[in-house]
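Me: I would like to learn how to read the features of a structure such as this one, going from single ring interactions to sheets and cores. Could you take me through it step by step?

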Amino acid sequence: NPKVLFGASNESLEPEIRIFASTDGGAKWSEGAGPQFNPNTCAWGDPSVAIAPHGGRQYVAFTEKSICVPGTDLTPYLVVATRGSTGGKWTVRRVARPATKFGFDDKAAISVDAGGRAYVAWSRLLRGKFQTTVVSSSADGGRTWSKPLPVSRRLVAPQLVSIAAG
């Protein structure tokens, strides 16, 4: 539906993401706090959004931190929230546990193909000082996610991942 628009942003004053939605091609917008995986954690990453074809399931991928204070925290992890339509109830899933004890996930990107399979890619610290881009997918509307697989073991500190699905 070309009249359905959906976006998200990080919030610089509060540890949360913001969700924006329109069902009339952008003439009017709703705005609100984004979903959370755990009410005791804080959304602390740059969100990425996608809308699935054939029904318009909405996805937002972002990182959460286990400590809700500004600054470095070595435990941010990737979550993806989905809802059936604008205004629907969010279902939030952690895509995977950190790869290492003090690992982190960062800079998620999400896309949905024509068949409805969602793909999420992000930067992940795999061990010690080795960071790469990993990809996971879901064929059931974001309820379950495949094991994250590295795109390449030769990348050095990749950031700003993007992904598209055809």
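**Rings, strands and cores**

Reply: Let us begin with a charge and a ring: the charged end of Arg 94 sits over the ring of Tyr 77, at 3.6 Å from the ring centre. Please keep in mind throughout that this is a predicted model.

Me: Is Tyr 77 itself buried or exposed?

Reply: Burial is read from the relative accessible area, with buried meaning under 20%. Tyr 77 has a relative accessible area of 4%, so it is buried.

Me: How many aromatic pairs are there, and how do I read the geometry of a pair?

Reply: The count comes to two aromatic pairs. For the geometry one looks at the angle between the ring planes, where under 30 degrees counts as stacked, over 60 as edge-to-face, and the rest as tilted. The rings of Phe 6 and Trp 90 have planes at 35 degrees and centres 6.1 Å apart, so this pair is tilted. Phe 6 belongs to strand S1 (residues 5–10), while Trp 90 lies in the loop between S7 and strand S8 (91–94), and the pair thereby links distant parts of the chain, 84 residues apart. Both Phe 6 and Trp 90 are buried.

Me: And which residues form the edge-to-face pair?

Reply: That pair consists of Phe 37 and Tyr 77, with 6.0 Å from centre to centre and 80 degrees between the planes. Phe 37 lies in the loop between strand S3 (30–33) and strand S4 (42–43), whereas Tyr 77 is in strand S7, so the pair ties together parts that are 40 residues apart in sequence. Phe 37 has a relative accessibility of 35% and therefore counts as partly exposed, while Tyr 77, as noted above, is buried.

Me: How should I read a sheet, and in what order do the strands S1, S2 and S3 stand?

Reply: A sheet is read from its strand order and from the sense of each pairing. Here three strands form an open sheet in the order S1-S2-S3, with antiparallel pairing. S1 and S3 stand at the edges and have a single partner strand each, so one side of each is left without a neighbour in the sheet. From one strand to the next, the twist averages 20 degrees.

Me: How many bridges hold each pairing, and which residues stand opposite one another?

Reply: S1 and strand S2 (residues 17–22) pair in the antiparallel sense over six bridges, and a hairpin joins S1 to S2 through six residues. Within this pairing, Asn 10 has Ile 17 in S2 as its bridge partner, and Leu 5 stands opposite Ser 22 in S2. On the other side, S2 and S3 pair, again antiparallel, over four bridges, with Ala 33 in S3 as the bridge partner of Arg 18.

Me: Why is S2 described as largely enclosed by the rest of the structure?

Reply: The argument rests on the burial of its residues: five of the six residues of S2 are buried, so the strand is largely enclosed by the rest of the structure.

Me: How do I read a nonpolar core, and which members touch the most others?

Reply: The idea is to see which buried nonpolar side chains are joined, and then which elements supply them. The largest nonpolar core has 15 residues, of which Tyr 59, Val 80, Ile 110 and Val 120 touch the most other members. Strand S6 (58–65), strand S7 (77–83), strand S9 (105–112) and strand S10 (118–127) are the elements that give two or more residues to this core. Apart from it lies another core, of 11 residues, including Ile 17, Ile 19, Val 60 and Ala 81.

Me: What does Val 120 contact, leaving aside its neighbours within four places in sequence?

Reply: With those neighbours set aside, the residues in contact with Val 120 include Ala 61, Leu 78, Val 80, Ile 110, Val 134 and Trp 145.

Me: Where is Thr 133 found, and is it buried or exposed?

Reply: Thr 133 is in strand S11 (residues 130–138), and its relative accessibility of 9% is why it counts as buried. Not counting residues up to four places away in sequence, Thr 133 touches several residues, among them Ala 121, Trp 122, Leu 149 and Val 161. Val 156 offers a contrast in accessibility: at 74% it counts as exposed, and its place is in the segment after strand S12 (149–150). The C-alpha atoms of Val 156 and Thr 133 are separated by 9.5 Å, the two residues being 23 residues apart along the chain.

Conventions:
Residues are numbered from 1 along each chain as its sequence is written. This is a predicted model: local features need pLDDT of at least 70, side-chain atom pairs count only at pLDDT 80 or more; totals for chains, interfaces and linings use all residues. Side-chain values use heavy atoms; hydrogens and water are left out. A nonpolar core is a set of buried Ala, Val, Leu, Ile, Met, Phe, Trp, Tyr and Cys residues joined through side-chain atoms within 4.5 Å. Buried means under 20% relative accessible area, exposed over 50%, partly exposed in between (1.4 Å probe, protein chains only). Contact means heavy atoms within 4.5 Å. Rings of Phe, Tyr and Trp (its six-membered ring) pair if their centres lie within 6.5 Å; planes under 30 degrees apart count as stacked, over 60 as edge-to-face and the rest as tilted. A charge sits over a ring if NZ of Lys or CZ of Arg is within 6 Å of the ring centre and within 35 degrees of the ring normal. Two strands pair if DSSP finds at least two bridges between them. Axes are lines fitted to C-alpha atoms, for helices over the stretch in contact, and angles run from 0 to 180 degrees between N-to-C directions.
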